[in-house]
Amino acid sequence: MAATLCQGLGFVLSLIGIAGIIASTGMDQWATQDLFDNVVTAVYSYSGLWRSCVRQSSGFTECRPYFTILGLPALLQAVRALMIVGIVLGAIGLLIAIFSLKCLKMGNMEDNVKATMTLSAGIMLLLAGVCGIAGVSAFANLIVQSFQFTTFASGFSSTGNVGGLTGALTPRYTFGPALFVGWIGGAILFIGGILMCLACRAMTPEKHRYDGMAYKAASQNTMYRPDTRSRPVYNDSYKAQSMDERQTNQRFDYV
């Protein structure tokens with residue numbers, strides 16, 4: 001009962017986690033414009049892994065996808081790869097977990113086979129959660145570096161005046177909702193994978209022990225004593241004689 005509950009809970013958490021990673025990968029609000037210094041603005045921009053969007057004060061939103069991958073930063077391409085790998089591993093792990101559920105009867109499948117499938121699904125879900133968390137964390141690190149650099153450049157250009165011209169302020173970007181969805185989804189997926197691995201240990205059938213008799217082999221130091229019992233002495237005087245007066249080995253018993 002405990003193994004079935006642990007496996008079912010791990011499967012449900014893994015399903016929620018993979019849904020969170022998929023939603024995070026498809027969202028556009030990975031990096032949103034920081035409105036701390038300029039609350040009222042006519043243009044609000046945000047970007048994701050696949051396109052960047054601009055929303056005007058009138059409510060009109062225009063999104064432009066990234067048409068090429070050659071001009072994109074290498075870190076952004078790495079984040080894409082991590083999220084896609086996490087989704088693929090999570091989907092395969094969920095597919096294996098469906099067939100390994102203990103509450104479902106799949107033909108004559110034994111418990112040890114289901115335990116092995118559960119372990120494989122748990123490992124895949126663990127790796128999927130790690131990929132999702134790593135991808136979101138890498139993009140968050142990129143935003144932090146860009147935010148610090150933009151803050152320094154904006155402060156320098158606002159104080160500096162060269163030839164009566166003041167440098168234009170560069171918009172700063174901060175964490176978007178997609179990052180938090182990805183972090184939560186990856187963490188839930190990681191926990192689901194751990195529960196699946198724990199369920200595998202509980203599903204493994206125990207080996208039966210049979211009580212038997214133990215035989216002890218004779219040691220090499222065993223001393224063999226000669227048989228000293230007396231043996232009967234046979235008298236050859238009663239041996240029958242043949243016709244030619246020769247003794248034979250035939251013996252007769254007289255009653």
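**View 1. S45 and V54 face each other across a strand pair.** In this predicted model, S45 stands opposite V54 of strand β3. The setting is the antiparallel pairing of strand β2 (residues 43–47) with strand β3 (residues 51–56), which runs over 5 bridges. If you follow the chain from β2 to β3, you pass through a hairpin of 3 residues.

**View 2. Strand β3 also pairs with strand β4.** Here β3 meets β4 (residues 61–65), again in the antiparallel sense, and 5 bridges join the two. The connection between β3 and β4 is a hairpin with 4 residues in between, and G59 in that turn has a positive phi of about 100°. Look across the pair and you will find C53 opposite C63 of β4.

**View 3. A disulfide joins C53 to C63.** The S to S distance of this link is 2.1 Å, and the structure holds 1 disulfide. C53 sits in strand β3 and C63 in strand β4, 10 residues apart, and the pair links distant parts of the chain. For anyone checking dihedrals, the angle about the S-S bond is 110°, and the link of C53 and C63 is right-handed. How do the two partners fare in accessibility, buried or partly exposed? C53 has a relative accessible area of 1%, under the 20% cut-off, so it is buried. C63, at 28%, lies between the 20% and 50% cut-offs and is therefore partly exposed.

**View 4. Two cysteines outside any disulfide.** C6 is in no disulfide, and the nearest cysteine sulfur, that of C197, is 9.6 Å away. A disulfide needs the sulfur atoms within 2.5 Å. C6 has 19% relative accessibility, so it counts as buried. C197 is likewise in no disulfide; its nearest cysteine sulfur belongs to C200, 7.3 Å away.

**View 5. Helix α1, end to end.** Helix α1 (residues 2–26) has 25 residues, and its first and last C-alpha atoms are 36 Å apart, close to the 36 Å expected at 1.5 Å a residue. Its buried residues include C6, Q7, G10, F11, S14, G17, I18 and I21. As a reminder for reading such a list, an α-helix has 3.6 residues a turn, so residues three or four places apart point the same way.

**View 6. Helix α2 and its buried residues.** Does the length of α2 (residues 74–99) fit, and why? Its 26 residues should span 38 Å at 1.5 Å a residue, and the end C-alpha atoms are 38 Å apart, so the two agree. Among the buried residues of α2 are L76, V79, R80, M83, G86, G90 and G93.

**View 7. The largest nonpolar core, with V79 as a guide.** This core has 25 residues, and those with the most contacts inside it are W30, L49, V79, M83, F139, L179 and L189. Helices α1, α2, α3 (111–159) and α4 (177–203) each supply at least two residues, and α3 gives the most, with 8. Leaving aside residues up to four places away in sequence, V79 touches W30, L49, G135, A138 and F139.

**View 8. Spans listed as transmembrane.** An unreviewed UniProt entry lists residues 81–101, 122–144 and 180–200 under "transmembrane region". In the model, residues 122–144 are 100% helix and 0% strand, with end C-alpha atoms 33 Å apart. Residues 180–200 are also 100% helix and 0% strand, and their end C-alpha atoms lie 31 Å apart.

How values were computed:
Residues are numbered from 1 along each chain as its sequence is written. This is a predicted model: local features need pLDDT of at least 70, side-chain atom pairs count only at pLDDT 80 or more; totals for chains, interfaces and linings use all residues. Side-chain values use heavy atoms; hydrogens and water are left out. Two strands pair if DSSP finds at least two bridges between them. The expected span of a helix is 1.5 Å times one less than its number of residues. Buried means under 20% relative accessible area, exposed over 50%, partly exposed in between (1.4 Å probe, protein chains only). UniProt positions are given in the numbering used here, feature names are shortened, and annotations may be inferred rather than shown by experiment. A nonpolar core is a set of buried Ala, Val, Leu, Ile, Met, Phe, Trp, Tyr and Cys residues joined through side-chain atoms within 4.5 Å. Contact means heavy atoms within 4.5 Å.
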